[in-house]
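Welcome! Take a look at the sequence and the structure, and then we can walk through them together, one question at a time.

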Amino acid sequence: MTSRLVAMIGAKGGCGTTLLCANLAANIQVEGGVCALDLDFGKGDLAGLLDMKPTQAVPHLLGRDCDPTLLRGCAVDHPAGFEVLGQPHDMSELVRPSPAELRRFLDVVRATWGVVLMDCGSRVDDAVLAAQIGRAHV
């Protein structure tokens, strides 16, 4: 399965990108399911907005030999019917992945869900650029 990746980038912090990502995820129904993916590696708060505490956040998955079964097992199910891969609540666990590392991760994410809504925050950094490059393969 190859999914649609939708990168959402805010014009500035606080403009509602995370809220929009969560609401779209709750209202889209597609074969293969929907994942809300927090790619804001500076201050991602998608899981916090949804009152969820992932045990395995995105930084814990980077660099691992991921497959769709592992990703689905690490994603948190939201009652609205979508899954969430968030950033850690503990700021000391935040990382800055390399673009190559993130592209490999996004390849597996794309093979796991029908639609992936990526909350990229409000900065255009290496992670956001890698997400945009990943979109070109859709």
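Q: About how much area does the protein expose, and what percentage of it do carbon and sulfur atoms supply?
A: This is a predicted model, in which local features need pLDDT of at least 70, side-chain atom pairs count only at pLDDT 80 or more, and totals for chains, interfaces and linings use all residues. Residues are numbered from 1 along each chain as its sequence is written, and side-chain values use heavy atoms, with hydrogens and water left out. Accessible areas come from the Shrake-Rupley method with a 1.4 Å probe, with only the protein chains shown counting as cover for residues. The exposed area is about 6700 Å², and the part supplied by carbon and sulfur atoms is 52%.

Q: Which pattern of helices and strands does the protein follow along the sequence?
A: Helices (H or I, at least four residues) and strands (E, at least two) are DSSP runs, numbered from the N terminus. The protein has 6 helices and 5 strands. Read along the sequence, they give β-α-β-α-α-α-β-β-α-β-α.

Q: In what order do the strands stand in the sheet?
A: Two strands pair if DSSP finds at least two bridges between them. The sheet is open and its pairing is mixed. β1 and β3 (76-77) each have a single partner strand, so one side of each is left without a neighbour in the sheet. The order is β1-β5-β2-β4-β3.

Q: Which residue in β4 stands opposite A36?
A: β2 runs parallel to β5, joined to it by 5 bridges, and β2 also pairs with β4 in the parallel sense over 3 bridges. On the β5 side, C35 has V116 as its bridge partner, while L37 stands opposite M118. In β4, the residue opposite A36 is V84.

Q: How many residues of β2 are buried?
A: Buried means under 20% relative accessible area, exposed over 50%, and partly exposed in between (1.4 Å probe, protein chains only). V34, A36 and D38 are buried on one side of β2, and C35 and L37 are buried on the other, which leaves both faces covered. The count for β2 is 5 of its 5 residues.

Q: What angle does the direction of α5 make with that of β2?
A: Axes are lines fitted to C-alpha atoms, for helices over the stretch in contact, and angles run from 0 to 180 degrees between N-to-C directions. Helix α1 (residues 17-27) packs on the sheet and touches β1, β2 and β5, with a direction at about 165 degrees to that of β5. α5 packs on the sheet too, touching β1, β2, β4 (83-85) and β5. The angle between α5 and β2 is about 160 degrees.

Q: Which element gives the largest share of the largest nonpolar core?
A: A nonpolar core is a set of buried Ala, Val, Leu, Ile, Met, Phe, Trp, Tyr and Cys residues joined through side-chain atoms within 4.5 Å. The largest one has 23 residues, and L37, L71, L85, F105 and M118 have the most contacts inside it. Elements giving two or more residues are β1 (4-8), β2 (34-38), α3 (58-61), α4 (68-74), α5 (99-110) and β5 (115-119). The largest share, 5 residues, comes from α5.

Q: What percentage of the contacts with a separation of 6 or more is between residues 24 or more positions apart?
A: Contact means heavy atoms within 4.5 Å. As an example, L85 touches residues beyond its neighbours within four places in sequence, including C35, L37, V58, F105 and W113. For the protein, the share from residues 24 or more positions apart is 81%.

Q: How far apart are the closest N and O atoms of E83 and R72?
A: A salt bridge is a side-chain nitrogen of Lys or Arg within 4 Å of a carboxyl oxygen of Asp or Glu. E83 lies in strand β4 and R72 in helix α4, so this salt bridge ties together parts that are 11 residues apart in sequence. E83 is buried at 9% relative accessible area, whereas R72 is partly exposed at 33%. Their closest N and O atoms are 2.5 Å apart.

Q: How many salt bridges does the rule give?
A: Besides E83 with R72, D40 pairs with K43, their closest N and O atoms being 3.8 Å apart. R110 pairs with D107 at 2.9 Å, and both of these residues lie in helix α5, about one turn apart. The count comes to 3.
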